Amino acid sequence: MRTPPPAPPPRRCACTREGFDARAIRAIRAIRLRAVDVAHAIIGGGEEGGKRSIRTKEEADHSLPWMVAVVLLDGGLTPEQYRPERIVAEDVQELMTRVEIVPDDELSARFPDAMPADLEVTLSDGSVLNSVRDTYEGFHTDLLSGEGARAKFDLLAVPFTAAELREEIAGVVGDLEHRGVAELTAALARVSTTRA
């Protein structure tokens, strides 16, 4: 008896940093995220409610459907996506209506040792894009590298600091075992509290 050939691997979503363009977004029929039960219960529309009426940062930060929609559109989730005008933007609000969050027992059994998720995007022509992850960069099994930490720091600090101050802070943090906490807090005290 011949065994059938293995199924081809699922196509991967090509929306790493740029997000989908407007034409591609119109081609999306449905978005289904299988997630751990606790994510569904708290931010996915389970026990904590629908998570579909999103108007504020606090609501957006606790809405997995909103986060999935904005990440597909923008290619990432940073403070820029949490600006009031982006939270309520028509493209995000409309795409969010096509997002379904589904708790999955198999994925839930692997939590908290893993943070698995399975994203499936169905296009209007019936084709399916699929991306499966067990962790994320920064999870305890996939630690953030020094370069990754620096890139994240720069991304978050640019609106509040000049390059020279960011370099100073990163230098102190990178050598913290030989530097005093007072040196770090002195540098941090010079960070602006308002965006440049």
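**Figure 1. Leu33 and its place in the pairing of β1 with β2 in the predicted model.** In this predicted model, Leu33 stands opposite Ile101 in β2. The two strands concerned, β1 (residues 28–35) and β2, pair in the parallel sense over 5 bridges. A further pair in this view is that of Ala35, whose bridge partner in β2 is Pro103.

**Figure 2. The open sheet and the helix that packs on it.** The sheet has 4 strands in the order β2-β1-β3-β4, and the pairing within this open sheet is mixed. The edge strands are β2 (99–103) and β4 (128–133), each of which pairs on one side only. From one strand to the next, the twist averages 15 degrees. Helix α4 (residues 64–74) packs on the sheet, where this helix touches β1, β2 and β3 (117–123), and the direction of α4 makes about 125 degrees with that of β2. In a regular strand the side chains alternate between the two faces of the sheet.

**Figure 3. The antiparallel pairings of β3, with β1 and with β4.** Strands β1 and β3 pair in the antiparallel sense over 7 bridges, and among the residues involved is Arg34, whose bridge partner in β3 is Asp118. Strands β3 and β4 also run antiparallel and are joined by 6 bridges; here Val121 stands opposite Leu129 in β4. The hairpin of β3 and β4 has 4 residues between the strands, and in this hairpin Gly126 takes a positive phi near 95 degrees.

**Figure 4. A cis peptide bond in the loop before β3.** Phe111 and Pro112 are joined by a cis peptide bond, with omega at about 10 degrees. Pro112 has its place in the loop between α7 (105–109) and β3.

**Figure 5. Packing of helix α8 against helix α9.** Two packed helices are described by the angle between their axes and the distance between the axes. Helix α8 (residues 146–157) and α9 pack at an angle of about 140 degrees, with 11 Å between their axes, and α8 passes α9 in a right-handed crossing. On the α8 side the contact is made by Arg150, Phe153, Asp154 and Ala157, and on the α9 side by Arg166, Glu167, Ile169 and Ala170. The residues of this contact of α8 with α9 divide into 4 nonpolar, no polar and 4 charged.

**Figure 6. Packing of helix α9 against helix α10.** The axes of helix α9 (residues 163–174) and helix α10 (residues 181–189) come within 10 Å and cross at roughly 160 degrees. Angles over 145 degrees count as roughly antiparallel, and α9 is therefore roughly antiparallel to α10. In passing α10, helix α9 makes a left-handed crossing. Leu165, Glu168, Ile169, Val172 and Val173 in α9 meet Glu183, Leu184, Ala187 and Leu188 in α10, and the residues of this contact of α9 with α10 divide into 7 nonpolar, no polar and 2 charged. Ile169 of α9 takes part in the contact with α8 and also in the contact with α10.

**Figure 7. Confidence along the chain, with a view of residues 1–17.** The pLDDT averages 87 over the chain, and 89% of the residues score at least 70. Over residues 1–17, however, the pLDDT is below 50, although this stretch has 19 contacts in the model beyond near neighbours in sequence. Where pLDDT is low, the predicted coordinates should not be read in detail.

Terms used. Residues are numbered from 1 along each chain as its sequence is written. This is a predicted model: local features need pLDDT of at least 70, side-chain atom pairs count only at pLDDT 80 or more; totals for chains, interfaces and linings use all residues. Side-chain values use heavy atoms; hydrogens and water are left out. Axes are lines fitted to C-alpha atoms, for helices over the stretch in contact, and angles run from 0 to 180 degrees between N-to-C directions. Angles under 35 degrees count as roughly parallel, over 145 as roughly antiparallel, 65 to 115 as roughly perpendicular and the rest as oblique. A crossing is left-handed if the near helix is turned anticlockwise from the far one by less than a right angle, and right-handed if clockwise. Contact means heavy atoms within 4.5 Å. Ala, Val, Leu, Ile, Met, Phe, Trp, Tyr, Cys and Pro count as nonpolar, Asp, Glu, Lys and Arg as charged, and the others, Gly among them, as polar. pLDDT is the predictor's confidence in each residue, from 0 to 100. Two strands pair if DSSP finds at least two bridges between them.
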